[in-house]
Amino acid sequence: MIERIPTGIPGFDDLIEGGFEKNSVDVIVGGAGAGKTIFALQFLYNGITKFNENGLYISLEEKKDKIYNHMERFGWGFAQLEKEGKFVFVHYPAEQIEKFIEDAPYLKDVITEHNIKRVVIDSATSLLLLQENAYHRRQMFLKLMGIINGWGCTVLLTSEGKQIENEIIARFGIEFLVDGVVTIHVIQKGDIKDKAIEIAKMRGTNNSTRIIPMKITKEGIRLYPTQRVFG
Ligand SMILES: Nc1ncnc2c1ncn2[C@@H]1O[C@H](COP(=O)(O)OP(=O)(O)O)[C@@H](O)[C@H]1O
Ligand SMILES: [Mg+2]
C-alpha cells in the first residue's frame, strides 16, 4: 500500500489517488503569477491544520513578512503556527542562496526538532539559476535531491515553467529527476485568462490526465473537476 499525503486543496487530491506519495519529491511548475507559491503554502497550511503534519518553507525568493501578509488574505495565520512551533520559515535571499546547500545539516536539525513532515522549496529555479551551465545545474540538482532524500519528508518544489505549444516545461528540465510534476496552465479565452491544473507525471499513481479548471478564491486555490477548461 502506498501511503498518500493529501494537500487538502479542494478538488486536487482525487486527481492523484488521494495525495502525493509519502516522502516523494514533487514539483509544481508554472509561469510567473500562476499560483505556485500559493499552492505550496496551502499544502503546508492544510498539512498543519488538517493532517497534523508540521511544515517547513524554504524561501529562495520572497521575504517572510510579505508572504505572511499575503497569506492572511486567505485566512492562513502562519505567524501563529510559527509561534506554536508547527511551522518554520527559512529565507535565503538571492545573494545567500549558496548558503542553503551549506546549511543542510542545520535544516536537518530543524526538521527533527520541529517534527517536520512537509517541506517546500520555493523555488528550485532560483537555486539552479546560480549555475552557469547545464552540467553544473544538474550537479546542483542532484546534490539537492541527495539532501532532500535524507530528510524523510514529503517535499514540494516550485519551478518556473515556459510554455511550448500546449506543454509547460520546467526550466532546466528537472521533471525527469522528481516523482511527480503538476503544471499550472494559464489559458486565454478572448480578453480573459483562466487557470487550469494538469498532472503531468505522478510515479506509481493512476492519475487524472485531464486539464482541470482552477481558481484562486478568498480561501485559496480550488479546482473544479466537473467543469471543462474549454466548456
Ligand atoms: N487574494 C488573492 N485573491 C485572488 N487572487 C490572488 C490573491 N493573491 C494573489 N492572487 C493571484 O495569485 C498570483 C500570485 O500567485 P503566486 O502563488 O505568488 O504565483 P507564482 O508563485 O506562481 O509566481 C497573483 O498574480 C494573483 O493573480
Ligand atoms: Mg512564487
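Two strands count as paired if DSSP finds at least two bridges between them. Keep that in mind for the views of strands below.

**Figure 1. The whole protein, a predicted model.** Welcome to the fold: seven helices and twelve strands make up this protein. Its C-alpha atoms fill a box of roughly 50 × 40 × 40 Å along the principal axes. For 231 residues, a compact globule would have a radius of gyration near 17 Å, and the protein agrees because it has 17 Å. Of these residues, 41% count as buried. Among contacts with a separation of 6 or more, 66% link residues 24 or more positions apart.

**Figure 2. Strand S7 and its pairing partners, S3, S6 and S8.** Strand S7 spans residues 154-164, and eight of its eleven residues are buried, so the strand is mostly covered. Strand S3 (residues 25-30) pairs with S7 in the parallel sense over six bridges, and here Ile28 has Thr158 as its bridge partner. Strand S6 (residues 116-122) is also parallel to S7, with four bridges; Val119 is matched with Val155.

**Figure 3. The hairpin of S7 and S8.** Here S7 meets strand S8 (residues 167-170), and the two run antiparallel, joined by four bridges. Look for Lys162, whose bridge partner in S8 is Ile169. Two residues lie between the strands, and Glu165 in the turn has a positive phi of about 50°.

**Figure 4. The surroundings of ligand 1.** Around the ligand you will find Gly30, Ala32, Gly33, Ala34, Gly35, Lys36, Thr37, Ile38, Arg73 and Ile216. By class, this shell holds four nonpolar, four polar and two charged residues. Helix H1 (residues 36-51) gives the largest share, three residues.

**Figure 5. Ile221 and the residues it touches.** Ile221 belongs to strand S12 (residues 220-223). With 23 other C-beta atoms within 10 Å, Ile221 is buried, because the cut-off is 20 or more. Leaving aside residues up to four places away in sequence, Ile221 touches Ile9, Gly35, Ile38, Phe39, Gln42, Met214 and Ile216. Gly35 is 186 residues from Ile221 along the chain, yet their C-alpha atoms are separated by 8.1 Å. Gly35, Ile38 and Ile216 may look familiar, as they also appear around ligand 1.

**Figure 6. Helix H5, largely in the open.** Of the ten residues of H5 (residues 104-113), the number buried is one, so this helix lies largely in the open. After H5 comes Asn115, which has a positive phi, near 50°.

Key:
Residues are numbered from 1 along each chain as its sequence is written. Chains are lettered from A and ligands numbered from 1 in the order in which they are written. This is a predicted model: local features need pLDDT of at least 70, side-chain atom pairs count only at pLDDT 80 or more; totals for chains, interfaces and linings use all residues. The radius of gyration is taken over C-alpha atoms; the globule rule is 2.2 Å times the number of residues to the power 0.38. A residue is buried if 20 or more other C-beta atoms lie within 10 Å of its own, exposed if 12 or fewer, and partly exposed in between; C-beta atoms are placed from the backbone. Two residues are in contact if their C-beta atoms, placed from the backbone, lie within 7 Å. A residue is near a molecule or strand if its C-beta atom, placed from the backbone, lies within 6 Å of it. Ala, Val, Leu, Ile, Met, Phe, Trp, Tyr, Cys and Pro count as nonpolar, Asp, Glu, Lys and Arg as charged, and the others, Gly among them, as polar.
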